[in-house]
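Work through the exercises below with the sequence and the structure open. Each task is followed by a solution in steps.

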Amino acid sequence: MKKSILFVVSMLIIASMVLSACAQPTEAPVATESPVETEAPVEVPTEEPTEEPTEETVVVEEPTGLTCAEPIKVGLITDITGALAIYGAMITRSFMLGMEYATGSEGSAGPVYNFAETQENTFKIDDCEIQVFVRDDAGLPENTTTVANELIDIHDVDILVGTASSGATAVLQGIALANEVPLIVAPAAANDITGKDFNEYTFRTARNNYQDAMNECIALTQNYSSFIQIAADYAFGHGSAEAFRDACTLEGGTFVADDIFAPATTTDFTPYMEQIADSGAEAYIVTWAGSGFISLVQAAQDQGVTDTMELGTTFIDNMLTPVFYGNAIGTTAGIVYHWSAPDNPANDFLVAEASGRYGIYPDLFDADGMNAAIMIIETLKKTNGDVTPAVLIAAMEGLEFEGPKGTVYIRPEDHVAIQDMYILKLENVTDPNADYYSFVDTTRPEPPCLLPEALQSRCGDLPIGSLSGN
């Protein structure tokens, strides 16, 4: 019986958020003049006297919405020109659409945002301006440091959003903490971001590796029971591999050998595929981001791995799906987001405007970018425009908002974004903008708390994950 191909590309990415001083007026009371008192009668009257004010009642109109003395400033850092630029394009367009959706106003850059033409965009909600400064770090930590410091020191941003690379995001976390600027991570997925590297200024709208693994293992263990896995040898790969081992074991699967880690720069995967071919596993799980994945799959074919076992995977972006899934029609697997899966007003807006303005359907991480923008605006509403860091942090912890993936809940204990994820069945690969999939199920993974031992008091009643402290 021919087995379906499931395959896992868990990609990293991060985002950060920035806000500036804004205040919402409180409800004005209705003012009236005190009525003139009448002298009490000597005898009790048969009817109560009617008191009338001496002047006509003055009604003060209640001001509505937010007002701010200075613009709120957000710094968006992502990969525009580097190895993960495909994801940076998703984040920039969806963040701008999210700002428009949440504020009800078109940005100053016009309906189609083009990074090549402008690095700034301004939105308005009520009487508040929100300035967005976009910077390219090309996925390199040294660039992330440079542009983050520029945004903080020169533009005085209130919130950071970013970035695509989990490694660069770790650097951004430290900068945000040192400068006391709240950061919203999108779309970087490394567990460490809200695990061992957690700090109170770091939030995320991106899911983490553990949520990926929980979602995918539900699909994997319906077909296979024994696994081996290979991952890139850095934080994202290690976090994903550990999460898959935990999550698939909890679903009844077993791992027949130690996890294999290869340098992210690997181009020849022959020795690694020889180990996998000799393992006897029913399926091999891969965590790899970038072009090296093509070489990995080719080596698997050359070494006969694909003849003896199946590739366990999550579905990937629209552009690469036809390349990797051409012979996998009928496969069922998990996915972070696909435009066809959710049914809600925010997703309807994202699908209509991305396809109408950019000529492309929303892709794997568009929901993360839009959610980051919505999170900023909903936080501002909750704080009445106060962008004091401590006030922003308090408002973000426990925040719930509606985005293209439905309700997103920012868990106060560790700032993990609890969100819907999807299991789909691949139906075709003929059109990059086609509905490739049919819907199978929606999951809402709630991963354990992965905070290091020193911070586990924050976890409260949440289960403590075995990955914490790694």
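**Exercise 1. A strand and its surroundings**

Task: Determine how many residues of strand β7 (residues 226–232) are buried, and where their side chains point.

Solution. The model is predicted. Step 1: a residue is called buried when its relative accessible area is under 20%. Step 2: seven of the seven residues of β7 meet this, so the strand is largely enclosed by the rest of the structure. Step 3: in a regular strand, side chains alternate between the two faces of the sheet. Step 4: in β7, S226, I228, I230 and A232 point one way, while F227, Q229 and A231 point the other way. Both sets are buried.
Step 5: β7 pairs with strand β8 (residues 254–255) in the parallel sense, over two bridges. S226 has T254 in β8 as its bridge partner.

**Exercise 2. Helices α2 and α3**

Task: Classify the packing of helix α2 (residues 141–153) against helix α3 (residues 166–179), and list the residues that meet.

Solution. Step 1: the two axes come within 9 Å and cross at roughly 30°. Step 2: angles under 35 degrees count as roughly parallel, and α2 and α3 are therefore roughly parallel to each other. Step 3: the crossing of α2 and α3 is right-handed. Step 4: α2 contributes P141, T144, T145, A148, N149 and I152, which meet G167, A168, V171, L172, I175 and N179 of α3. Step 5: sorted by class, this contact of α2 with α3 has seven nonpolar, five polar and no charged residues.

**Exercise 3. Helices α1 and α11**

Task: Describe how helix α1 (residues 85–103) packs on helix α11 (residues 366–383).

Solution. Step 1: the axes of α1 and α11 are 7 Å apart, at an angle of about 35°. Step 2: their crossing is right-handed. Step 3: among the contact residues are M90, I91, R93 and F95 of α1, and D366, D368, M370 and K381 of α11. Step 4: by class, the contact of α1 with α11 has 12 nonpolar, four polar and four charged residues.

**Exercise 4. A three-stranded sheet**

Task: Give the strand order of the open sheet that contains β16, and identify its edge strands.

Solution. Step 1: the order is β12-β16-β17, with antiparallel pairing. Step 2: β12 (332–335) and β17 (437–443) are the edge strands, each pairing on one side only. Step 3: neighbouring strands of this sheet are turned by 30° against each other on average, direction ignored. Step 4: β16 (residues 421–426) and β17 pair over six bridges, and L424 stands opposite F439 in β17.

Methods. Residues numbered from 1 in each chain as written. Predicted model: local features only at pLDDT ≥ 70, side-chain atom pairs only at ≥ 80, totals over all residues. Heavy atoms only, no water. Axes fitted to C-alpha atoms, helices over the stretch in contact; angles between N-to-C directions. Helix = DSSP H or I, 4+ residues; strand = E, 2+ residues; numbered from the N terminus. Parallel < 35°, antiparallel > 145°, perpendicular 65-115°, else oblique. Left-handed = near helix turned anticlockwise from the far one by under 90°. Contact = heavy atoms within 4.5 Å. Nonpolar A, V, L, I, M, F, W, Y, C, P; charged D, E, K, R; others polar. Buried < 20%, exposed > 50% of the residue type's maximum accessible area, 1.4 Å probe, protein only. Pairing = 2+ DSSP bridges.
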